Amino acid sequence: MKQTFIIDAHSHLWLKQDTSWNGQVIRTTHNGRSLFLGEEVQMLPPFMIDGQNSAEIFLSNMDYAQVSAAVVVQEFIDGLQNDYLSEVMRRFPDRFFVCGMADYLHDGFYEQAAALMAQGFKGMAIPGHRLLGRSLASDEMMRMFQLMEQQGIILSITLADGDRQVGELQEVISACPCLKIAIGHLGMANPPLSAPWENKSWQAQIKLARHENVMIESGGITWLYNSEFYPFPSAVRAVREAADLVGMEKLMWGSDYPRTITAITYRMSYDFICKTPLMTEAEKRLFLGENARRFYGFETLKELPYIKNMSE
């Protein structure tokens, strides 16, 4: 497949995990491992022995996999990374579109968000699935969304499984119709091996992309379909199903780097799309890069040659 530019619409960076969630510790240990909610897990590939998920390591992976640019989002389970990501944004403006994140768990986050936007963050990330019980359409949230709409700041948001938060986000879309929104994890599409009568409530998230300024990105899709493993045929079918609902021009590829590359290589996180017969070459180009290039406003993108493996 001929692909001019590949853009990753969902990735993460941090120098160290040192936070907690629901009173349980999340902390970098050694050999790419972290204490995570009561157990030790392989958070990063084992060769990342210092636990640093840095921009430089990611760029090395991107260059090898011929990924020209990436969108960096944030998650509460990694801790607030605004200080480090502001440095990444300054050092690598052509390679990364970086999202800030405020402490939405406590009132008063509007001022934090406004300060991050003034600092130069072009997007704001909201791990909405961690905010069940705190409305996405609250007064303070709406104030922030209105400011984002005025300043042209993009919202990157993940929602809880199914349609539980769809109504709240619909309120936001109605109130701020010019706010650009990217919904993550392909709407938390159902995992493989589901019964024929599987719950299709995830499609409610996809259908939000029928609004002009709303897009869907597939960050973490190889995690959702990890039990099936490469080449993830059910994941491809989920992308195809989403495209049938809203059109391929509304969908973007995302890797959820680095967590997903403990099981597969970074290239494998999109290579299965390149090889599927269920998408046309034009659809693959849209999904793997052109849609993200247009939506996030990437202009100067790096052309990356294919580097032959020594074993080839």
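Q: Which residues of helix α3 (residues 109–119) are buried?

A: Buried means under 20% relative accessible area, exposed over 50%, and partly exposed in between (1.4 Å probe, protein chains only). Helices (H or I, at least four residues) and strands (E, at least two) are DSSP runs, numbered from the N terminus. In α3, the buried residues are F109, Y110, A113, L116 and M117. The model is predicted: local features need pLDDT of at least 70 and side-chain atom pairs count only at pLDDT 80 or more, while totals for chains, interfaces and linings use all residues. Residues are numbered from 1 along each chain as its sequence is written, and side-chain values use heavy atoms, with hydrogens and water left out.

Q: Why do the buried residues of α3 line one face of the helix?

A: An α-helix has 3.6 residues a turn, so residues three or four places apart point the same way. Seen down the axis of α3, the buried residues fall within an arc of 125° (taken over the directions from the helix axis to the C-beta atoms), so they line one face. The elements covering them include α2 (82–91), β7 (96–100), β8 and α4 (139–151). Just after α3, G120 has a positive phi of about 120°.

Q: In what order do the strands of the open sheet run?

A: Two strands pair if DSSP finds at least two bridges between them. Here 8 strands form the open sheet in the order β1-β6-β7-β8-β9-β10-β11-β12, with parallel pairing. Its edge strands, β1 (7–11) and β12 (251–252), each pair on one side only. Strands β8 (residues 123–127) and β9 (residues 154–158) are joined in the parallel sense by 5 bridges; P127 has T158 in β9 as its bridge partner.

Q: Which residues have the most contacts inside the largest nonpolar core?

A: A nonpolar core is a set of buried Ala, Val, Leu, Ile, Met, Phe, Trp, Tyr and Cys residues joined through side-chain atoms within 4.5 Å. The largest has 92 residues, and F96, Y104, I126, M144 and F145 have the most contacts inside it. Helix α8 (residues 233–246) gives the most to this core, with 7 residues. Apart from it lies another core of 18 residues, among them V73, A125, M215 and F295.

Q: Is L132, in the loop between β8 and α4, partly exposed or buried?

A: L132 is partly exposed, because its relative accessible area is 45%. Contact means heavy atoms within 4.5 Å; not counting residues up to four places away in sequence, L132 touches A160, R164 and Q165. L132 and R164 lie 32 residues apart in sequence and 8.9 Å apart in space, C-alpha to C-alpha.
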